[in-house]
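Me: Please take a close look at a single part of this model and work outward from it. One connected account will do.

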Amino acid sequence: MVVSEWKGRQRDRLIREHAHDTYKAKRKLPEPTVCPKCGAVFHEGRWTWAAKPSSAHETLCPACERVRDRYPAGYVTLHGKFLQHHRDELLGLIHNIEAREAAEHPLKRIISTEDKDNAILITTTDIHLARTIGDALHHAYEGKLDYQYAEESNILHLSWER
Ligand SMILES: [Zn+2]
């Protein structure tokens with residue numbers, strides 16, 4: 001896998017340009033379509049939390065597909081000593097961000113939160129949610145934030161350490 005790193009604005013632009021992903025692009029859906037798992041509604045070209053129409057096609061939304069396939073788009077790894085004493089506080093912040101983002105965007109969800117040795121790995125259905133989490137940690141607690149974006153697979157890895 002070729003992993004590229006970018007800094008600052010160039011990185012932001014490239015992430016936006018490659019924001020399409022295989023799960024989103026692989027088919028055109030009839031409208032309206034409802035996800036039978038989470039109830040998201042595909043309407044006017046995007047997934048929303050609109051009320052379920054009386055008659056609709058059914059297909060899993062890309063976020064539910066990623067959860068089912070355990071195929072995250074975003075990985076956020078938290079490292080460092082600070083973590084040991086602030087675990088609940090950090091996870092609270094992260095879950096608040098998810099709740100806020102997912103309320104607006106059905107495709108932005110956390111797939112899992114796992115303890116790995118002395119680190120915590122959070123996986124997401126969307127690269128932008130991973131990005132928002134990383135930026136929020138950095139904003140709230142400083143520390144060191146690194147990005148690695150794999151273009152061909154459209155996967156974003158973030159590492160936060162304090
Ligand atoms: Zn769904």
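**A loop residue and the packing elsewhere**

Reply: Beyond its neighbours within four places in sequence, alanine 56 is in contact (heavy atoms within 4.5 Å) with Pro32 and Val34. The model is predicted, with local features needing pLDDT of at least 70 and side-chain atom pairs pLDDT 80 or more, while totals for chains, interfaces and linings use all residues. Numbering starts from 1 along each chain as its sequence is written, and side-chain values use heavy atoms, without hydrogens or water.

Alanine 56 lies in the loop that joins β3 (46-48) to β4 (57-58); strands are DSSP E runs of at least two residues, helices H or I runs of at least four, numbered from the N terminus. Its relative accessibility is 32%, so alanine 56 counts as partly exposed, between buried (under 20%) and exposed (over 50%), with a 1.4 Å probe and protein chains only. Phenylalanine 42, 14 residues away in sequence, is 9.5 Å from alanine 56, C-alpha to C-alpha.

Elsewhere, the largest nonpolar core (buried Ala, Val, Leu, Ile, Met, Phe, Trp, Tyr and Cys joined through side-chain atoms within 4.5 Å) holds 25 residues, and Leu78 and Leu137 have the most contacts inside it. α5 gives this core its largest share, seven residues. Leucine 78 is in contact with residues including Leu90, Ile94, Leu137 and Trp160. A second, separate core of 10 residues includes Ala40, Leu60, Cys61 and Cys64.

Residues of α4 that meet α5 include Leu90, Leu93 and Ile94; on the α5 side, Ile133, Ala136 and Leu137 are among them.
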